[in-house]
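Visitor: Please give me a close look at a single buried spot in this model, and then work outward from that spot to the parts around it. I would like the account in plain terms.

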Amino acid sequence: MSLADELLADLEEMDGGQGLSNNDKNNLKDDQSMEVDQVSPAIKSLPNNNSVHAVAKLKDSLLLKETMRKIDYYTKHQRKSTAEIQGPVEHDPEYLLIVDANNLLVEIDNEIDIIHNFVRTIYYKRFPELEQLVQLSMDYLKTVQELANNVDRAKMNENLQKFLTPATIMIVSVSASTTQGKNLTNEELERVMEACQMAMNLSENKQTILSYVESRMTFIAPNLSIIVGASTAAKLMGMAGGLTNLTKMPSCNILLLGAHKKLLGGFSSSAAMPHAGAIFYSKIVQDCPP
C-alpha cells in the first residue's frame, strides 16, 4: 500500500467510514505528486551532484592564466631601477600588473571559500564533526584531502602535524573514532578530491602572486616599503586602488585601510579595536613597546 493509500484509509476511519469523495481523493494524490515534483529539482541542484567546476570558475579563467603568465615574464626580466619606467608610473605595464594581482588575491580568497563550502557540503556525510573542529578553509581542505574515507588515519598522522596543532589533531582523532558518518561513494570522493586539489593549486598561485608583489614593491614604492615593509605596502596600495590614490588619501583614512568591522554579539566593545588596519599589524608598529 502506498503512502497516499494509507493516508486515505486513515482519513476514512476518522470520517466514520463514510470515506472521501472522488474529488478529495484526487486532490490528495495531486498534492502528494506536487510535493515530490518540488523536491526533485532541489535535490538535483545540490553541489554534490555536480563537479566543483560548476561553482568555482576562477582556476580555469583567462584572467588567472594571463596574470600568472605576466608574473612569470616580469620575474625573469626584472628591471633594475625606476629610470627604466617611461612616463607616469600609473601607465607602466608592470605597475598595472601589480594592481591587478592585488585585486586577484581577494578573488582567490573568495574562490577558496566557495570550494570550502562545496567540500563541506559533501564531506559532512563522512565526518560531520570536522567542520567544527577545523574551521580555517585551507586547513579543513588539507585535512579532508589527507583523511578521505579513512578518518582513522588522523591519529599520529605526520602530514596533519604540518598544519594542525597537536591538540587539534588529538580532538580530530577522538571525534573520528566515534563519528556516525558514512563512507562516501567513489563518485562523491572523486568530486571532493578534485575540489581539494583545485584549492591547493589556487593557494600555490596566491603564494606566487604574494611573493612577486612583495618583491616588486621596493621597485614601485621604495620609501613606503622601507617604512612599513613590502607586505604591508602591497596591501595598502591594493586596498587604496593604486599608488596615486594612496598618495591622495588623507592620513586618517589610510589608518583604516584593512580594518574589519566585528559583530560583538552583545559583548563589551572596550576590547574591540575598530581602527586596527594593515598599518597596525605592520612590523614597525608591532615592535613598539605597549
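Guide: A residue counts as buried here when its relative accessible area is under 20%, and as exposed when that area is over 50%. The model is a predicted one. The spot to look at is Thr 179, which sits in the loop between α7 and α8 (186-220). Its relative accessibility is 14%, so Thr 179 falls on the buried side of the cut-off.

The side chain of Thr 179 has two polar partners to check. One is the side chain of Glu 129, with which Thr 179 makes a polar contact at 2.9 Å. The other is a backbone atom: the Thr 179 side chain reaches the nitrogen of Gly 181 at 3.2 Å. Once neighbours within four places in sequence are set aside, the residues in contact with Thr 179 are Arg 126, Phe 127, Pro 128, Glu 129 and Val 151.

Going back along the chain from this loop, one comes to helix α7, which covers residues 166-178. With 13 residues at 1.5 Å a residue, α7 should span 18 Å; the C-alpha atoms at its ends are 19 Å apart, so the model agrees with that expectation. The helix has a buried set made up of Ile 169, Val 172, Ser 173, Ser 175 and Ala 176. Among the elements that cover these residues is α5 (130-133). Other side chains of the region face outward: Met 170, Ile 171 and Val 174 form a nonpolar surface patch, together offering about 290 Å² of accessible area. Of these, Val 174 belongs to α7.

On the other side of the loop is α8, where charged pairs come into the account. Side chains of opposite charge can pair when their charged atoms come close. A search of the whole structure gives 6 salt bridges. One of them joins Glu 94 to Arg 216, with N and O 2.8 Å apart. That pair links distant parts of the chain, since Glu 94 is in helix α4 and Arg 216 in helix α8, 122 residues apart. Both Glu 94 and Arg 216 are buried.

A second salt bridge runs between Glu 188 and Lys 125, whose closest N and O atoms are 3.1 Å apart. Glu 188 lies in α8 and Lys 125 in the loop between α4 and α5, so this pair ties together parts 63 residues apart in sequence. Glu 188 has a relative accessible area of 13% and is therefore buried, while Lys 125, at 34%, is partly exposed.

A third pair stays within α8. Arg 191 and Glu 187 meet in a salt bridge at 3.0 Å, N to O, and they are 4 residues apart, about one turn of the helix. Arg 191 is buried at 10%, whereas Glu 187 is exposed at 54%.

Helix α6 (residues 137-147) contains Val 144. With a relative accessible area of 0%, Val 144 is buried. Apart from residues up to four places away in sequence, Val 144 touches Val 119, Tyr 123, Leu 130, Val 192, Met 193 and Cys 196. Between Val 144 and Cys 196 there are 52 positions in sequence, and their C-alpha atoms are 7.7 Å apart.

Further along the chain is helix α10, residues 230-240, where 8 of the 11 residues are buried, so the rest of the structure largely encloses this helix. Its buried residues, among them Leu 236 and Met 237, pack against α4 (93-123), α8, α9 (222-228), α11 (243-248) and α12 (251-254). Gly 241 follows α10 and has a positive phi, near 90 degrees. In helix α9 one finds Val 228, buried at 12%. Val 228 contacts Ala 233, Leu 236 and Ser 282, leaving aside neighbours within four places.

Finally, the chain as a whole. Its secondary structure comes to 13 helices and 0 strands. Buried residues make up 34% of its 290 residues. Of the contacts with a separation of 6 or more, 63% are between residues 24 or more positions apart.

Technical notes
Residues numbered from 1 in each chain as written. Predicted model: local features only at pLDDT ≥ 70, side-chain atom pairs only at ≥ 80, totals over all residues. Heavy atoms only, no water. Helix = DSSP H or I, 4+ residues; strand = E, 2+ residues; numbered from the N terminus. Expected span 1.5 Å × (residues − 1). Buried < 20%, exposed > 50% of the residue type's maximum accessible area, 1.4 Å probe, protein only. Contact = heavy atoms within 4.5 Å. Polar contact = N/O pair within 3.5 Å; in protein donor to acceptor, adjacent residues only side chain to side chain. Patch = residues over 30% accessible without salt bridge, like charges linked within 9 Å, V, L, I, M, F, W, Y side chains within 5 Å. Areas by Shrake-Rupley, 256 points an atom, 1.4 Å probe, with all protein chains shown as cover. Salt bridge = Lys/Arg side-chain N within 4 Å of Asp/Glu carboxyl O.
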